Amino acid sequence: MLQTRVDDERLATAACLRAAEATEPGGSFAIGDRTLHRAKGSGDPMARVWVNDPERPKRRDASGEEDRAFWTWAAVETLRHTGIRIEELTELSHHSLIQYTVPDTGEIVPLLQIAPSKTDTERLLVISPELADVLATTIGRIRDHDGAVACVASYDSHERVWNAPMPLLFQRRFGIGNRSIPADTIRGWIGGALEGAGIKDASGRPLRFT
């Protein structure tokens, strides 16, 4: 249920943002059987896209909704296919993707390198076709116009230090630059998706992932 919910939300918010971007400020556009209106902005092409929804009292940040939905989906799918911890997820970088050539057959096996963290043990995970699709979609999103992945610094809340800039996979645009996505932010997004999915444990209480 969670997997389906985050994927549906990713597709729905992306469709809403595309439709809003194709609409002149002040104009209307349809999403399903609903009519939304693109709010008038500052005219800055880098500004967020806002929409007015008759069913909501406040205008909606279509850009922000799409961004959160995408990264929630990317986090859930990566965690689901790897079993790594959220802290390890935030440390994944472009350098984490490596290849191993089988000596006898010459077959190339894609691997995901998990840096030492809680267990202080480096791990190598085979990248499944499903995970490869998620990682490729994520990398495609964060590439610059020249195809490079920006190096960004991340904060280690346990050691209370800033890590050296790396081409992290979980980074998002802020203004004219990119920033790493903190683990607590990802936890909050997944928690929000769980609440909306209505998933409960055996006692009937809302399920909580740790």
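The conversation below walks through a predicted model and asks what lies behind some of the words used to describe it.

User: Happy to start simple. How many helices and strands does the protein chain have, and how much of it is buried?

Analyst: There are five helices and 11 strands in the protein chain. Of its 210 residues, 38% are buried.

User: Why is Ser180 called buried?

Analyst: Its relative accessibility is 16%, and buried means under 20%, so Ser180 counts as buried. Ser180 belongs to strand 11, residues 177–180.

User: And what makes Gly41 exposed?

Analyst: Here the cut-off is over 50%. Gly41 has 63% relative accessibility, so Gly41 counts as exposed. You will find Gly41 in the loop between strand 2 and strand 3.

User: Back to Ser180: what makes its link to Ala153 a polar contact?

Analyst: A polar atom of the Ser180 side chain lies 3.0 Å from the backbone oxygen of Ala153. The limit for such a pair is within 3.5 Å, so the distance fits the definition. Leaving aside residues up to four places away in sequence, Ser180 also touches others, including Val152, Leu168 and Phe170.

User: How do you know that strand 10 and strand 11 pair?

Analyst: Pairing takes at least two bridges, and four bridges join strand 10 to strand 11, which run antiparallel. Within this pairing, Gln171 stands opposite Ser180. The two strands form a hairpin with two residues between them, and Gly175 in the turn has a positive phi of about 65°.

User: Does the same reasoning apply elsewhere; what joins strand 3 and strand 4?

Analyst: Strand 3, residues 50–52, and strand 4 are joined by two bridges in the antiparallel sense. Since at least two bridges are needed, these strands count as paired. Trp50 stands opposite Asp61 in strand 4.

User: Why are strand 1 and strand 4 called edges of their sheet?

Analyst: That open sheet has four strands in the order 1-2-3-4, with antiparallel pairing. Strand 1 (28–31) and strand 4 (60–61) each have a single partner strand, so one side of each is left without a neighbour in the sheet. Helix 1, residues 2–21, lies across strand 1, strand 2, strand 3 and strand 4, and runs at about 160° to strand 1.

User: Let's turn to the rings. Why is the pair of Trp71 and Phe170 called tilted?

Analyst: A search of the whole structure finds four aromatic pairs. For Trp71 and Phe170, the ring centres are 5.4 Å apart, inside the 6.5 Å limit. Their planes stand at 55°; stacked needs under 30 degrees and edge-to-face over 60, so the pair is tilted.

User: What parts of the chain does this pair link?

Analyst: The pair links distant parts: Trp71 in helix 2 (residues 62–82) and Phe170 in the loop between strand 9 and strand 10, 99 residues apart. Both Trp71 and Phe170 are buried. Ring pairs also link Phe70, Trp71, Trp73 and Phe170 into a cluster.

User: Last one: how do you know that Arg59 sits over the ring of Trp50?

Analyst: The charged end of Arg59 is 4.2 Å from the centre of the Trp50 ring. The distance limit is within 6 Å, and the charge must also lie within 35 degrees of the ring normal. The distance fits, and the pair is listed as a charge sitting over a ring. Arg141 likewise lies over the face of Phe70, at 4.2 Å from the ring centre.

Note on methods:
Residues numbered from 1 in each chain as written. Predicted model: local features only at pLDDT ≥ 70, side-chain atom pairs only at ≥ 80, totals over all residues. Heavy atoms only, no water. Contact = heavy atoms within 4.5 Å. Axes fitted to C-alpha atoms, helices over the stretch in contact; angles between N-to-C directions. Buried < 20%, exposed > 50% of the residue type's maximum accessible area, 1.4 Å probe, protein only. Polar contact = N/O pair within 3.5 Å; in protein donor to acceptor, adjacent residues only side chain to side chain. Phe/Tyr/Trp six-rings, centres within 6.5 Å; stacked < 30°, edge-to-face > 60°.
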